[in-house]
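Here's a quick briefing on the model below. Have a look at the fold first, then run through the notes by topic.

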Amino acid sequence: METSTFFQDAVKLINEETKKLESFCNELDKDPIAKKNNIAEYKCAKYRYAGATAVWCMFFHSHRVAEKNAQNHYLIPQVNDIFVAVPEFLEFYENAPDDEKRDYALYYGVLAFANDEIAKLEQKLTNASDWEKVELEERISGLQFAKTCLDEAWQKRKDVIV
């Protein structure tokens, strides 16, 4: 199956941000003194990166093995399990045209995954210490950023179809 513009656009948007974060951290890794002086920013960037790449991995790997997982709504099992637990998202998928079901599953499935991860992290926030809160908030920020990328690519896709 051909790679959709939705997939390409979402990957591009997420990659742009993760490359910036990676570049920032790599530069500090080359200069131990600068890294020490900017350790808080460095750690925050690493946590944001972890959140964004968690979404990217589920998105990319679900796309990569979609045909093998057609019986699981084209999603890898751990994403599919979360996706089917969100009736509204499952209904959008079921009502989608057959030739668009794969994109619908990818968007709503990975969106459900990101929402689930955010909810788990937010639950941990209530008992977190100061630095733990920063870590959790930065991870959430990365997840939310990746969701924004998915939303932007999905909206662009819808704009093209209309």
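From the N terminus on, the elements run α-α-α-α-α-α-α, so to speak a roll call of seven helices and zero strands. Helices here are DSSP runs of H or I with at least four residues, strands are E runs of at least two, and both are numbered from the N terminus. This is a predicted model, in which local features need pLDDT of at least 70 and side-chain atom pairs count only at pLDDT 80 or more, while totals for chains, interfaces and linings use all residues. Residues are numbered from 1 along each chain as its sequence is written, and side-chain values use heavy atoms, with hydrogens and water left out.

**Confidence**
- The average pLDDT (the predictor's confidence in each residue, from 0 to 100) is 94, and 98% of the residues score at least 70.
- Among the elements, α6 has the highest mean at 97 and α7 the lowest at 92.

**Overall dimensions and surface**
- The C-alpha trace spans about 55 × 35 × 30 Å along its principal axes.
- Of the 162 residues, 43% are buried (under 20% relative accessible area; exposed is over 50% and partly exposed in between, with a 1.4 Å probe and protein chains only).
- About 9,200 Å² is exposed, with carbon and sulfur atoms supplying 51% of it; the areas come from the Shrake-Rupley method with a 1.4 Å probe, and for residues only the protein chains shown count as cover.

**Contacts and cores**
- Take the contacts (heavy atoms within 4.5 Å) with a separation of 6 or more: residues 24 or more positions apart account for 66% of them.
- The largest nonpolar core has 43 residues, and F6, F59, Y108 and L150 touch the most other members; such a core is a set of buried Ala, Val, Leu, Ile, Met, Phe, Trp, Tyr and Cys residues joined through side-chain atoms within 4.5 Å.
- Helices α1 (5-30), α3 (39-64), α4 (77-83), α5 (87-94), α6 (101-125) and α7 (130-161) each put at least two residues into this core, and α6 gives the most, with 13.
- Leaving aside neighbours within four places in sequence, F6 is in contact with F59, D103, L106, Y107, L150, A153, W154 and R157.
- There's also a second, separate core of six residues, including C25, L28, A34 and A45.

**A look at K158**
- K158 is found in helix α7 and counts as partly exposed because its relative accessibility is 37%.
- D81 is 77 residues away from K158 along the chain, and their C-alpha atoms are separated by 26 Å.
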